[in-house]
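Dear colleague,

I am handing over the structure we talked about, together with a short account of what was found in it. Please have it open while you read the notes that follow.

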Amino acid sequence: MTNESPALYVVPTPIGHLGDITLRAIDLLRQVPWVAAEDTRHSGPMLRDLGCRARLLAANQHNADSAAQQIIGKLRDGESVALVVDAGTPGISDPGARLVARVRAAGFRVVPLPGACAAIAALSAAGVDDAHFLFYGFLPAKAGPRDALLRELAVLPYALVFYEAPHRIVDTVAALLVVCGAQRTIVLARELTKLFETIHSCSLGEMPDWLAADTNRQRGEFVVIVSGATAGVDEQEGRRVLKLLLDDGLPPSQACRLAQAITGVGKNALYRQALDWRSKQ
Ligand code: SAM
């Protein structure tokens, strides 16, 4: 924190493991006179444990406008404010972005501190090797809008990154399977940095069974990553050709090799598809 001019500091907090707050964040939270928190009851104890004696003000999706006015008022009085959300980096699928937009529009400095973010933690360990990713965050809750959106996203050559709640994870995986097909890779990153952290990667065709095999796998907080559509390759055509070859009696390895040569779709993906079909016979 500098003495130059008041600022809104955007401060990431842990997504589970309390050790994941940065030294700079602790230092700053001890210096600012005000902390705007998504849920003051949630963040209060953690802030006290860190030695932060700032006064708290609530800034959430229900009071975003009045909270922004309060924050701007403090900044006008020359007092800096730190913004925290319940977990992770403010502005990533939470009310942080709206507050920041208003503070910037009022002409005040906004200073980001880098730190914990569930999407980035998941991507760093997912091993999905697409060159690019598209962070979407939460999908629409209703099946119709969700599936329409998924159809738009499914053709993009980028890994897709979603946040998902436990009560929707089974449905969302089922919808992804229908729209993206069985052979794309999916990674479920669950309870990151916590006791029951699980990072599981398999084909989309395999994921429903993996989830169903143990209901504990459906609990907690999730980041869902799906590998991107393969650029220049028609996966549907790959599946169609593979099916023809298998129906003609070719052994899977030969059918996959030929389907790859004909359509360009990756052999591993085709092989996973062949196994998936066989398991359903
Ligand atoms: N701003 C936060 C960030 O930087 O990641 C995200 C806030 S959003 C309201 C909360 C969602 O993030 C959860 O529903 C879940 O999808 C994801 N999430 C948060 N913590 C997580 C964790 N420890 N493991 C997996 N996903 C997590």
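How many residues surround the ligand, and which are the closest? Before the reply, please keep in mind that this is a predicted model. The ligand is surrounded by 19 residues, and T89, D94, Y163, L192 and F222 are the closest of them.

As for where the ligand is placed, it sits in the largest pocket. Two elements, β7 (159–164) and β10 (222–226), are the ones that give two or more residues to the shell around it.

Several polar atoms of the protein come up to the ligand, and I list three of these pairs with their distances. A polar backbone atom of I15 is 3.0 Å from a nitrogen atom of the ligand, while an oxygen atom of the ligand lies 3.3 Å from a backbone N or O atom of E164. The side chain of E221 takes part as well, with an N or O atom 3.3 Å from a nitrogen atom of the ligand. Taken alone the ligand exposes 570 Å², and the protein buries 90% of that area.

E164 also leads over to the salt bridges, of which the structure holds nine. E164 is paired with R168, with 3.4 Å between the closest N and O atoms. In this pair E164 is buried, at a relative accessible area of 6%, whereas R168 is partly exposed, at 24%.

Another salt bridge joins the side chains of R102 and D65, with an N to O distance of 2.6 Å. R102 belongs to helix α4 (residues 96–105) and D65 to helix α3 (residues 64–76), so this pair ties together parts that are 37 residues apart in sequence. Both partners are partly exposed, R102 with a relative accessible area of 28% and D65 with 42%.

The salt bridge between K243 and D247, by contrast, stays inside one helix: the closest N and O atoms are 3.1 Å apart, and both residues lie in helix α9 (residues 235–247), four residues apart, which is about one turn of the helix. K243 counts as partly exposed at 38% relative accessibility, and D247 counts as exposed at 56%. Elsewhere, E191, K194 and E221 are joined into one network by salt bridges that share partners, and E221 is the residue whose side chain was described above with an N or O atom 3.3 Å from a ligand nitrogen.

With best regards

Notes
Residues numbered from 1 in each chain as written. Predicted model: local features only at pLDDT ≥ 70, side-chain atom pairs only at ≥ 80, totals over all residues. Heavy atoms only, no water. Salt bridge = Lys/Arg side-chain N within 4 Å of Asp/Glu carboxyl O. Buried < 20%, exposed > 50% of the residue type's maximum accessible area, 1.4 Å probe, protein only. Near = heavy atom within 4 Å. Polar contact = N/O pair within 3.5 Å; in protein donor to acceptor, adjacent residues only side chain to side chain. Areas by Shrake-Rupley, 256 points an atom, 1.4 Å probe, with all protein chains shown as cover. 1 Å grid on protein atoms, 1.4 Å probe; cavity = no way out; pocket = protein on both sides within 12 Å on 5 of 7 lines; lining within 4 Å. Sits in = over half its atoms within 2 Å of the grid points.
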